[in-house]
Amino acid sequence: MTTIRRHYTAFVGTRMLASGSPQEVALAIKRHRTGRTERQPLVFDHTTGRQIDLDLSGSEDEILERYEERSTQTMAARGRPALGVVAREVTLLPRHWDWLNAQPGGASVALRRLVDQGRHAAPLADRLREAREATYRFLNAVAENLPGYEEVLRALFAGDGARFDALIRDWPSDVSVFAMTLSQDAFEEAPRLR
């Protein structure tokens, strides 16, 4: 039974509040918010850089239970759970369905094969794009008012890791460290040292 492990980081302004599992981050925010009126923490998913909302209602025990790590078998109710297959809807034109159904193994096998071929065709380009987009999402939410923000984005999307690192070096350390973490796979050159 495999477990889906997620890693989140919460920021209040340019200061990192917490980083870890959903449980750890949710509890840290709940404790931080007690009796305070400062701005709402922003929570980022390490994989995508997207902001997520955590449900902080209830007691700490309820939060722990709500964000308990779950196995992929419990989360995948449809399809073939033992294989991790998840059913989703796909909308295609009749000619597409005709072609898929004529393939050896049927539509599902043909679609899985096409997706795998696409994933292997440009893995480096996909990895670079995903890491750049994740980094951009975080920077756009937290660093927009920091000096050199636009230049940092230009360096990120130009694939210039050395320039990116040099430009964020003087930013608040929590922001620059997390930006470096998210941008780990955003550049083709050798891994950067901080």
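This is a guided tour of a predicted model, arranged as a series of selections to make in the viewer.

**The whole chain**

Start with everything displayed as a cartoon and coloured by secondary structure, which comes to 9 helices and 4 strands. Following the cartoon from the N terminus, you meet the elements in the order β-β-α-β-β-α-α-α-α-α-α-α-α. If you then colour by accessibility, buried residues account for 32% of the 194 residues in the protein.

**The sheet**

Select the strands next: the 4 of them form an open sheet in the order β2-β1-β3-β4, and the pairing is antiparallel. The edges of this sheet are β2 and β4 (51–52), each of which pairs on one side only. As background to what the cartoon arrows stand for, strands of a sheet pair through backbone hydrogen bonds, either parallel or antiparallel.

**Strand β1 and its two neighbours**

Now narrow the selection to β1, residues 8–12, a strand that is mostly covered, with 5 of its 5 residues buried. Which residues of β1 lie on one side, and which on the other? Turning the strand about its axis, you will find Tyr-8, Ala-10 and Val-12 on one side and Thr-9 and Phe-11 on the other, and both faces are covered.

Add β2 (residues 15–20) to the view, where 5 bridges join this strand to β1 in an antiparallel arrangement. The two strands form a hairpin with 2 residues between them, and in the turn you can pick out Gly-13, whose phi is positive at about 65 degrees. Moving along the pair, look for Phe-11, which stands opposite Met-16 in β2, and then for Tyr-8, whose bridge partner in β2 is Gly-20.

Bring in β3 (residues 42–45) as well, since β1 also pairs with this strand, again in the antiparallel sense, over 4 bridges. Keep Tyr-8 selected while you do so: in β3 its bridge partner is Asp-45, while in β2 its partner is Gly-20.

**A patch of negative charge**

Leave the sheet and show the side chains of Asp-61, Glu-62, Glu-65 and Glu-68, which gather in a patch of negative charge on the surface. Within this group, centre on Glu-68, which lies in the loop between α2 (60–66) and α3 (72–75). Is Glu-68 buried, partly exposed or exposed? Its relative accessible area is 45%, so Glu-68 counts as partly exposed.

**Leu-111 in helix α5**

Continue to helix α5 (residues 106–121) and select Leu-111 within it. With a relative accessible area of 28%, Leu-111 is partly exposed. Add Leu-100 to the selection and draw a distance between the two C-alpha atoms: they are separated by 7.5 Å, the two residues being 11 apart along the chain.

**The charged network of helix α6**

For the last stop, bear in mind that side chains of opposite charge can pair when their charged atoms come close. A search of the whole structure finds 10 salt bridges, and the selection to make here is Asp-126, Arg-129, Glu-130, Glu-133 and Arg-137, which are linked in a network of them.

Begin with Asp-126 and Arg-129, which form a salt bridge whose closest N and O atoms are 3.7 Å apart. Both residues lie in helix α6 (residues 123–142), 3 residues apart, or about one turn of the helix. Asp-126 is partly exposed at a relative accessible area of 24%, and Arg-129 is likewise partly exposed, at 39%.

From Arg-129, step on to Glu-133, with which Arg-129 forms a salt bridge, the closest N and O atoms being 3.6 Å apart. Because these two residues are 4 apart in helix α6, Arg-129 and Glu-133 are separated by about one helical turn. Glu-133 is partly exposed, its relative accessible area being 29%.

Which residue forms a salt bridge with Arg-137? The partner is Glu-133, and the closest N and O atoms of this pair are 3.6 Å apart. Arg-137 and Glu-133 are also 4 residues apart in helix α6, so about one helical turn separates them. At 23% relative accessibility, Arg-137 counts as partly exposed. With these pairs displayed together, Glu-133 can be seen to form salt bridges with Arg-129 and with Arg-137.

How values were computed
Residues are numbered from 1 along each chain as its sequence is written. This is a predicted model: local features need pLDDT of at least 70, side-chain atom pairs count only at pLDDT 80 or more; totals for chains, interfaces and linings use all residues. Side-chain values use heavy atoms; hydrogens and water are left out. Patches are made of residues with over 30% relative accessible area and no salt bridge: like charges are joined within 9 Å, nonpolar side chains (Val, Leu, Ile, Met, Phe, Trp, Tyr) within 5 Å. Accessible areas come from the Shrake-Rupley method with a 1.4 Å probe; for residues, only the protein chains shown count as cover. A salt bridge is a side-chain nitrogen of Lys or Arg within 4 Å of a carboxyl oxygen of Asp or Glu. Lys and Arg count as positive and Asp and Glu as negative; His and the chain ends are not counted. The place of a charge is taken as NZ of Lys, CZ of Arg, CG of Asp or CD of Glu. Buried means under 20% relative accessible area, exposed over 50%, partly exposed in between (1.4 Å probe, protein chains only). Two strands pair if DSSP finds at least two bridges between them.
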